[in-house]
Amino acid sequence: MVSIEVGRVCVKTSGREAGKKCAIIEIIDENYVEVVGEDVKNRRCNIAHLEPTEDSIDVSGDIDSIKAALADL
């Protein structure tokens, strides 16, 4: 079982961005995280709408470096 943690790469499962990859950059509370992706806006997202993958990336840089790391996956 893959956990929800900062740096975890996920796939959005609902909404207009469904099927797009994103990375968790902050855990807000037990229900919400902040995500960003190449095709995903920087916003909070319900954990129930994310499917975590086995991949994780370094999110200590700026937004552009996170998007570049996601593009390389």
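A disulfide here is a pair of cysteine sulfur atoms within 2.5 Å. Keep that cut-off in mind for the second stop of this tour, and remember throughout that you are looking at a predicted model.

**Stop 1: the whole chain**

Start with the full chain in cartoon view. You should find 1 helix and 5 strands, and if you trace the elements from the N terminus they run β-β-β-β-β-α. The radius of gyration is 11 Å, close to the 11 Å that the globule rule gives for 73 residues, so the chain is as compact as a globular protein of that length. Turn the model along its principal axes and the C-alpha trace spans about 25 × 25 × 20 Å.

Contacts come next. Take those between residues at least 6 apart in sequence: 43% of them join residues at least 24 apart.

**Stop 2: the two cysteines**

Now select Cys10 and Cys22 and show their side chains. Are these cysteines buried or exposed? Cys10 is buried, with a relative accessible area of 0%, and Cys22 is buried too, its relative accessible area being 0%.

Why is there no bond between Cys10 and Cys22? Draw a distance between the sulfurs: the sulfur of Cys10 is 5.3 Å from that of Cys22, its closest cysteine sulfur, and this is too far for a bond because a disulfide needs the pair within 2.5 Å. Cys22 is therefore in no disulfide, with the sulfur of Cys10 as its nearest cysteine sulfur. A search of the whole structure agrees, finding 0 disulfides.

**Stop 3: Glu17 in its loop**

Move along to Glu17, in the loop between β1 (8–12) and β2 (21–27). Although Glu17 sits in a loop, this residue is buried, with a relative accessible area of 8%. What does Glu17 touch, leaving aside residues up to four places away in sequence? Select Lys12, Asp39, Val40, Lys41 and Arg43 to see these partners around Glu17.

**Stop 4: surface and charge**

Finish by switching on the surface. The chain exposes about 4400 Å², and carbon and sulfur atoms supply 44% of that area. Buried residues, for their part, make up 30% of the 73 residues.

Then colour the side chains by charge. How many are positive and how many negative? The chain has 9 positive and 15 negative side chains. The centres of these two sets lie 9 Å apart.

Definitions and conventions
Residues are numbered from 1 along each chain as its sequence is written. This is a predicted model: local features need pLDDT of at least 70, side-chain atom pairs count only at pLDDT 80 or more; totals for chains, interfaces and linings use all residues. Side-chain values use heavy atoms; hydrogens and water are left out. Helices (H or I, at least four residues) and strands (E, at least two) are DSSP runs, numbered from the N terminus. Buried means under 20% relative accessible area, exposed over 50%, partly exposed in between (1.4 Å probe, protein chains only). Contact means heavy atoms within 4.5 Å. The radius of gyration is taken over C-alpha atoms; the globule rule is 2.2 Å times the number of residues to the power 0.38. Accessible areas come from the Shrake-Rupley method with a 1.4 Å probe; for residues, only the protein chains shown count as cover. Lys and Arg count as positive and Asp and Glu as negative; His and the chain ends are not counted. The place of a charge is taken as NZ of Lys, CZ of Arg, CG of Asp or CD of Glu.
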